[in-house]
Amino acid sequence: MYGRKACQLVKEFAGGEKGQLTPFNSDLFEQVVAECSQHHLELQSLIRKIQEEGLDVQTTRNADHHGALIHHLALVRNKRCLMAYVYNRAEVMQSLLWKIGQVLPQEIEEKLCHSEIEYFKKHSAALRSYMSKVQLDLTVDMVPPKDPYIQVRVLDDIGDGIVLKQFISRAYRLILFYMKNMAWPLILLKTLHLVILDILYKS
Amino acid sequence: MASSPVEGSSFPLDDYEALLSTTDVELLKRAWRNEKAAPEILRFETDLTDRIREQIQLMEETVEEKSAAGINPLSISLYQMDLDRAQFLLRSYLRIRIQKIEKYMFHIAKTDELWNRLSREEKSFTRRCTDDLKQHLEESVLSKLPENYQSFQRQSVISEQDDMVPEPQLDTFVVCRSKEYLTGIQLEDGPVDDRQLLSKLFEMEPGVLYFICYKSIKALVESGKIDLL
């Protein structure tokens with residue numbers, strides 16, 4: 001049936017988990033593209049037939065006209081599906097850029113087609129260039145800051161002073177573990193040694 | 001966020017609240033909230049963001065100075081908290097706009113009214129984005145289609161207007177509040193009354209929350225009379 005393959009393609013995307021990519025189905029994709037060419041051939045031959053019969057293509061409303069129309073509509077529908085497939089995948093890639101950063105993990109890159117990998121690189125370059133122009137890294141600070149303190153676990157002795165300042169300036173990126181506001185004066189009094197066990201980035 | 005004026009409250013408090021609500025951070029918070037809630041991109045607050053940047057720098061210097069001088073850590077942490085919040089607001093404001101641009105880049109690029117709302121940096125970002133995505137679409141789909149079907153904006157040459165460009169939905173509902181008494185708001189697409197074909201006019205009381213179609217208050221949001229929440 002006309003348009004079934006294209007529909008499958010879109011369903012495959014929509015059926016996947018939201019925000020996740022399925023492997024680029026180039027096999028089905030090419031089949032739909034081939035179907036488009038086939039439609040176009042038949043469309044043209046029908047129009048030629050109308051012309052050969054000496055009728056006006058614009059006004060004729062015979063069986064050939066309606067046949068040609070069906071081919072046109074099927075083609076346009078296929079195009080919409082192909083575009084939706086590629087466009088929506090591009091949108092997922094854009095959102096991945098915010099979530100996982102500029103470098104694609106191997107397992108995601110394997111799911112992309114060549115053009116998509118190129119697009120991801122270019123788009124991330126565009127974003128980087130914007131951020132350097134406004135002199136702000138927009139990929140940090142994704143959640144509103146709640147507390148200027150960080151929770152860390154005490155493991156080892158780190159010098160104070162410099163360390164504290166670094167903590168302050170990075171505080172919004174980290175998750176506190178067990179120290180609350182009380183920790184600050186204690187650290188300054190050196191009754192507590194601060195050591196990072198692991199830095200948890202908020203997803 | 002200034003609370004709605006209470007009857008009989010003393011004037012100095014009102015003045016104080018009025019003053020509070022006009023600080024740059026409050027203004028940015030307002031712009032940020034509007035941007036967050038509006039389905040389309042709003043005018044970029046060039047002057048405001050410039051001022052905020054200066055203030056952030058000033059705050060950073062203050063924190064540095066104070067911590068170098070070894071002043072009471074509590075007061076430093078309060079400054080730091082303020083600084084963090086301002087920075088978050090600015091970043092989040094720019095981020096929301098960039099994400100909107102990513103979503104509707106073709107629509108923004110071809111609509112002059114929206115295009116003029118962008119900052120200089122956003123414009124060059126949009127230009128790059130549209131070029132990249134267009135190239136990607138052309139390479140993977142359009143170049144493989146028959147000649148009359150290769151536009152990324154139109155389904156085929158027969159289409160009379162651009163019918164393949166994603167646009168923001170302006171008829172979504174938003175929560176909003178007005179600062180003053182507004183009258184004569186026309187609700188579009190309201191139920192057509194058979195007896196009188198007069199469309200209903202809507203009034204807004206100051207400080208009351210309304211849940212309303214964005215399209216009908218669009219102009220008032222743009223002119224700053226209504227705040228989105």
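Me: Taking pLDDT as the predictor's confidence in each residue, from 0 to 100, in which helix (a DSSP run of H or I, at least four residues, numbered from the N terminus) of chain A is confidence lowest?
Reply: This is a predicted model, with local features needing pLDDT of at least 70 and side-chain atom pairs 80 or more, while totals for chains, interfaces and linings use all residues. Residues are numbered from 1 along each chain, chains are lettered from A and ligands numbered from 1 as written, and side-chain values use heavy atoms, without hydrogens or water. Chain A has a mean pLDDT of 74, with 70% of its residues at 70 or more, and pLDDT stays under 50 over its residues 150–203. Confidence is highest in helix α5 (residues 114–134) of chain A, at a mean of 92, and lowest, at 41, in helix α6 (residues 162–170) of chain A.

Me: Which side chains meet in a salt bridge (Lys or Arg side-chain nitrogen within 4 Å of an Asp or Glu carboxyl oxygen) between chain B and chain A?
Reply: In this interface, 49 residues of chain B are in contact (heavy atoms within 4.5 Å) with 50 residues of chain A. The count between chain B and chain A is 1 salt bridge. At 3.3 Å from N to O, the side chains that meet there are those of B:K144 and A:E30.

Me: Which residues of chain B does A:L82 touch, leaving out those up to four places away in sequence?
Reply: A:L82, together with A:F29 and B:L94, touches the most other members of the largest nonpolar core, which has 79 residues. On the chain A side, A:L82 touches A:L9, A:F29, A:V32, A:V33 and A:C36, and on the chain B side B:V141 and B:L145.

Technical notes. A nonpolar core is a set of buried Ala, Val, Leu, Ile, Met, Phe, Trp, Tyr and Cys residues joined through side-chain atoms within 4.5 Å. Buried means under 20% relative accessible area, exposed over 50%, partly exposed in between (1.4 Å probe, protein chains only). Helices (H or I, at least four residues) and strands (E, at least two) are DSSP runs, numbered from the N terminus.
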